[in-house]
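Let's work through a few exercises on the hollow spaces inside a protein. Grab a pencil and have a go at each task before you read the solution.

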Amino acid sequence: MTWKKTWFSYMLWACYTFCVYIFSAVATFLATQQLGITNKNTRFGIVCMVFVAGIASFVVGRFFVAKKTKKIISESVWLTTESFLAITMLAVGILIRMASMPAIMGDVSYFELAKVEQGNQIQAFGHGAVYFYLNALHVLFSFVGNKWIAGIVFQVVLQVIAAMLLYLSVRKIAGALPALTVLAGIMFLPTSIATSLSYSPNMLYLCMYAIGMWFVAKYLQRVRYVNIEKWYQQLGMCFVGVYIGFVSYIDAFAISLLGLALSVLWIKRIRYKKGLIYNIILSYVSLLIGFFTSLLGIFKVDAYFSNLQVVQIANTWGALYVPTGFSWELLFKGIEGNTNAILFLVCSVFLVISTLGYFVRRKEEKISPWIMYGALVLCGVQPCLAGTNMDRYYFFEILLFIYTGLALRVLLEKEVYVKKQLVKKEVLKEEESLKEEESLKEEPLVQDKEEQPAIKYIDNPLPLPKKHVKKTMGYKVNVEVNSMHYDVKTKENDDFDI
């Protein structure tokens with residue numbers, strides 16, 4: 001998907017560039033310290049080298065790879081390669097987790113709370129993600145017994161499902177390369193592997209969050225390729241808001257999905273109709289109505305069963321999830337160990353490239369929705385009371401992988417130089433996947449008009465008919481009006497005309 005460049009997107013890009021350069025500089029400085037480099041001048045030099053490497057990689061990638069390379073991989077070959085890579089990543093990631101499966105029990109607090117025993121009931125937790133996670137474990141243990149390894153397998157299955165959903169969602173919005181990068185990060189990052197092999201509500205919430213992102217991706221795709229005019233389409237957007245509201249009640253971090261969905265207001269549409277912007281605004285308003293209706297409805301139900309007022313439930317929910325402050329140190333806590341330090345160095349280079357990728361296209365860009373999404377993710381990972389129950393830094397790492405994938409696409413994408421006939425085929429395939437045959441018949445496909453040379457026709461060698469000359473009929477003899485009578489009297493027995 002692409003978005004139109006507007007004054008708002010330029011402002012987003014400026015803020016994003018400023019934050020990226022600060023983050024990259026600090027991350028590189030801390031990573032070099034983690035790698036054992038103590039000389040400050042050397043560390044500052046490496047920071048400058050990271051910026052230079054990012055700019056040089058962008059220039060080399062765009063000039064030699066994207067512009068000079070004429071050969072384009074066919075669509076069928078690329079889809080086969082992409083499918084093979086995705087399946088291989090999933091398979092290898094599962095094998096790594098099976099080989100790393102702990103033989104002894106680690107933290108048993110969640111296991112003890114969820115065990116099926118006589119008189120053991122699930123306690124009510126203020127953090128909804130913990131409460132739902134314990135109930136899910138309790139249902140699982142009621143079928144397979146109180147087996148500690150069963151909960152670990154459950155964690156791995158949830159992470160694999162979430163990885164596939166995030167892959168599909170990011171692919172719809174940003175493309176194949178960012179999606180593959182996110183999938184690789186989830187399946188191979190050491191902290192991701194460690195999180196999936198320990199009891200925590202992270203994986204269950206990640207799976208629910210991934211479903212919400214998939215809904216948002218479908219929403220953006222539908223607006224891009226199909227005109228939103230029917231009442232049931234607006235009802236579908238309201239359903240997306242209802243689900244996001246439900247997941248936000250479990251943990252307010254899901255509000256970040258609203259920022260991603262807000263980019264629908266300036267998305268570049270393949271189909272348009274006069275006045276369609278009002279339908280798009282109405283669709284987002286429907287999403288917000290569904291969100292607030294769902295959230296307030298759950299507050300009402302919670303207040304009913306807790307014998308409390310709705311205002312008290314809302315205040316408790318806000319006290320759990322409203323950040324208590326802003327901590328830069330929290331963003332860099334993942335720089336632990338040489339492996340993570342090297343990953344942050346590489347990620348810093350790609351972040352610099354992603355800022356320059358904004359100018360690859362003259363009137364379009366691909367990063368502004370992720371800037372808004374990233375801003376809300378940064379707010380979500382800040383310290384709050386609920387942060388003691390679920391580590392949200394995992395979502396920040398996924399965001400970094402998305403930005404890395406966007407940078408890779410900037411370096412390698414070729415679609416700017418592909419003939420527009422290929423773009424037309426991609427558009428038609430997207431429309432077929434949406435199954436909107438009625439709307440396709442009603443409205444013509446809008447394409448950029450190509451300038452075509454004037455066609456010169458040869459003269460017709462065959463004889464042509466003479467041109468028609470207008471003529472006026474007249475009479476040579478002028479008959480007086482008195483002589484103009486046609487009733488001729490005949491004899492009584494004159495029947496010649498019979």
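**Exercise 1: Who lines the largest cavity?**

Task: Find which helix and which strand each supply at least two residues of the lining of the largest cavity.

Solution: Keep in mind that you're looking at a predicted model.
- Step 1. The two elements to pick out are β2 (364-365) and α17 (393-412).
- Step 2. Now see who gives the largest share: that's α17, with 3 residues.
- Step 3. In total, 13 residues line this cavity, and the closest to its centre are Gly-357, Tyr-358, Lys-366, Ile-367 and Val-410.

**Exercise 2: Count and size**

Task: Work out how many cavities of 30 Å³ or more the structure holds, and what volume each has.

Solution:
- Step 1. The count comes to 2.
- Step 2. For the largest cavity, the volume is about 150 Å³.
- Step 3. The second largest holds about 50 Å³ of space.

**Exercise 3: Sort the linings**

Task: Divide the lining residues of each cavity into nonpolar, polar and charged.

Solution:
- Step 1. For the largest cavity, you should get 5 nonpolar, 2 polar and 6 charged residues.
- Step 2. For the second largest, list the lining: Leu-166, Leu-206, Tyr-209, Met-213, Tyr-373, Phe-395, Ile-398, Leu-399 and Ile-402.
- Step 3. Sort that list and you end up with 9 nonpolar residues, no polar ones and no charged ones. Tyr goes in the nonpolar pile here because the sorting counts Tyr as nonpolar.
- Step 4. Trace where the lining comes from: α9 (202-225) and α17 each supply at least two residues, and α17 gives the largest share, 4 residues.

Methods: Residues numbered from 1 in each chain as written. Predicted model: local features only at pLDDT ≥ 70, side-chain atom pairs only at ≥ 80, totals over all residues. Heavy atoms only, no water. 1 Å grid on protein atoms, 1.4 Å probe; cavity = no way out; pocket = protein on both sides within 12 Å on 5 of 7 lines; lining within 4 Å. Points joined across faces, edges and corners; volume = space filled by probe spheres on them.
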